[in-house]
Amino acid sequence: MTSLTLARPDDWHVHLRDGAGLASVVKFTAERFGRAIVMPNLKPPVATAAAAAAYRERILAALPPGSDFEPLMTLYLTATTTPEEIDRALALGFVHGVKLYPAGATTHSDAGVTDLSQVQEVLERMQAADLPLLVHGETPHPEVDVFDRETHFIDTVLAPLIERMPRLRVVFEHITTARAVEFVRSARAGVGATITPQHLLHNRNALFAGGLRPHYYCLPVLKRERDRAALIEAATGGDRRFFLGTDSAPHERGTKENACGCAGMFTAHAGIELYAEVFEAAGHLDRLEAFASHHGPDFYRLPRATRTVTLIKEPWTPPAGYAFGAGVVVPYRAGEQIGWRLATPALERP
Ligand code: DOR
Ligand code: ZN
């Protein structure tokens, strides 16, 4: 039996939701990952230090008994965020980033920013304090083709921002195109990117395979095969700028299997196992640990994990659904095999 032991990974982009949904899903993340950057796109958004502190308490209260999982909190950047709010967030010690959602780009992004000039002072305070900006990198303009929105965002917003603020650390989240890979590789120091399992495992054909497949719909949407190839090369190539971020985003089944289905794929139940499949297929299982457990903490200036997790190469089949609050969430690969499973809860490295 093949097994693989690696430093306990972290998830640098996850949606844990709130209330009964939070209680249903947080265990999947906490079982595999030591820490996770928790997205602030609740309704209403987590836009203040006080809201981040309260949300963190709710997450801690929802953890399985004995779990030492550490939620790394983020603030939702709005047009009315003040530099003083950044100071208050920093003083808490557990806020590790500020999230930029271009208004209208994705789920619960209506409170986001329409023009970065609205938040220039906030960005300056973040730059001075070395607090990373986490970017949903898609233009929200409806006239731009949905498959071109990431590229359009690079050209019109991200490239100018990175030049204008030479010391602001920026995570380009869930990159999906060869162009984004190229952009990050050639960017100045202080720019990193997360990559999801679904963008490594699928191209946009998955959305239309034999019919419309709502459980493959996420934002940014899946792209072309050549984009997927570039993402695999980036993730498995050992470059420190790229690190793990599942973007696991649960939605109740009825809101996805719907005439207007929500964006988001639930992958937390196999959040490290799916990457093992990708790295194995690429012939680079030896580089999984760096991508999953080293590059992220190094970028965020946090210590690397001292515990380990072990994965075993043994197929298992996720169920048709997991409980999600009063409803059900359909997990990625429901009823189909996943090639790796988690062998142990996190252990001290011997
Ligand atoms: O697919 C997505 N789902 N993309 C996002 O940016 C948001 C997320 C969600 O919160 O459901
Ligand atoms: Zn997300």
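Biologist: What makes the pair formed by an oxygen atom of ligand 1 and a backbone atom of Gly 264 a polar contact?

Modeller: An oxygen atom of ligand 1 is 3.2 Å from a polar backbone atom of Gly 264. A polar contact is a pair of N or O atoms within 3.5 Å, so this pair counts. This is a predicted model, in which local features need pLDDT of at least 70 and side-chain atom pairs count only at pLDDT 80 or more, while totals for chains, interfaces and linings use all residues. Residues are numbered from 1 along each chain as its sequence is written, chains are lettered from A and ligands numbered from 1 in the order in which they are written, and side-chain values use heavy atoms, with hydrogens and water left out.

Biologist: Which side chains have a polar atom paired with an oxygen atom of ligand 1?

Modeller: His 251 places a polar side-chain atom 2.7 Å from an oxygen atom of the ligand, and His 136 does so at 3.3 Å. The protein buries 99% of the 290 Å² that ligand 1 exposes when taken alone (Shrake-Rupley method, 1.4 Å probe).

Biologist: Which residues surround ligand 1, and how do they divide by type?

Modeller: There are 12 residues around the ligand (a heavy atom within 4 Å). The closest are Arg 17, Asn 41, Thr 106, Leu 219 and His 251. The shell divides into 4 nonpolar, 7 polar and 1 charged; Gly is counted as polar.

Biologist: Where does ligand 1 sit?

Modeller: Ligand 1 occupies the largest cavity. To sit there, more than half of its atoms must lie within 2 Å of the grid points of the cavity, a set of points on a 1 Å grid where a 1.4 Å probe fits but cannot get out.

Biologist: Why is Ser 248 called buried?

Modeller: Its relative accessibility is 1% and buried means under 20%, so Ser 248 qualifies. Ser 248 belongs to the loop between β9 (242–244) and α9 (253–256). Its side chain reaches the backbone nitrogen of Thr 267 at 3.1 Å, and a polar atom of that side chain lies 3.1 Å from the backbone nitrogen of Ala 268.

Biologist: Why is Arg 224 called partly exposed?

Modeller: Arg 224 has a relative accessible area of 39%, between the limit for buried and that for exposed (over 50%), and is therefore partly exposed. Arg 224 is in the loop between α7 (197–201) and α8 (225–236). The C-alpha atoms of Arg 224 and Leu 123 are 33 Å apart.

Biologist: What is notable about the backbone at Pro 220 and Pro 44?

Modeller: The bond joining Leu 219 and Pro 220 is cis, with omega about -5°, and Pro 220 is in the loop between α7 and α8. The peptide bond from Lys 43 to Pro 44 is also cis, with omega near -5°; Pro 44 is in the loop between β3 (35–38) and α2 (49–62).

Biologist: Are His 174 and Arg 301 buried or exposed?

Modeller: His 174 is at 2% and therefore buried, whereas Arg 301 is at 56% and therefore exposed. Each has a positive phi without being a glycine: near 35° for His 174 and about 55° for Arg 301. His 174 is in the loop between β7 (170–172) and α6 (178–186), and Arg 301 in the loop between α11 (288–300) and β10 (307–312).

Biologist: How do you know that α10 is mostly covered?

Modeller: In α10 (residues 273–281; helices are DSSP runs, H or I, of at least four residues), 7 of the 9 residues are buried, including Tyr 275 and Phe 279.

Notes. Polar contact = N/O pair within 3.5 Å; in protein donor to acceptor, adjacent residues only side chain to side chain. 1 Å grid on protein atoms, 1.4 Å probe; cavity = no way out; pocket = protein on both sides within 12 Å on 5 of 7 lines; lining within 4 Å. Helix = DSSP H or I, 4+ residues; strand = E, 2+ residues; numbered from the N terminus. Buried < 20%, exposed > 50% of the residue type's maximum accessible area, 1.4 Å probe, protein only.
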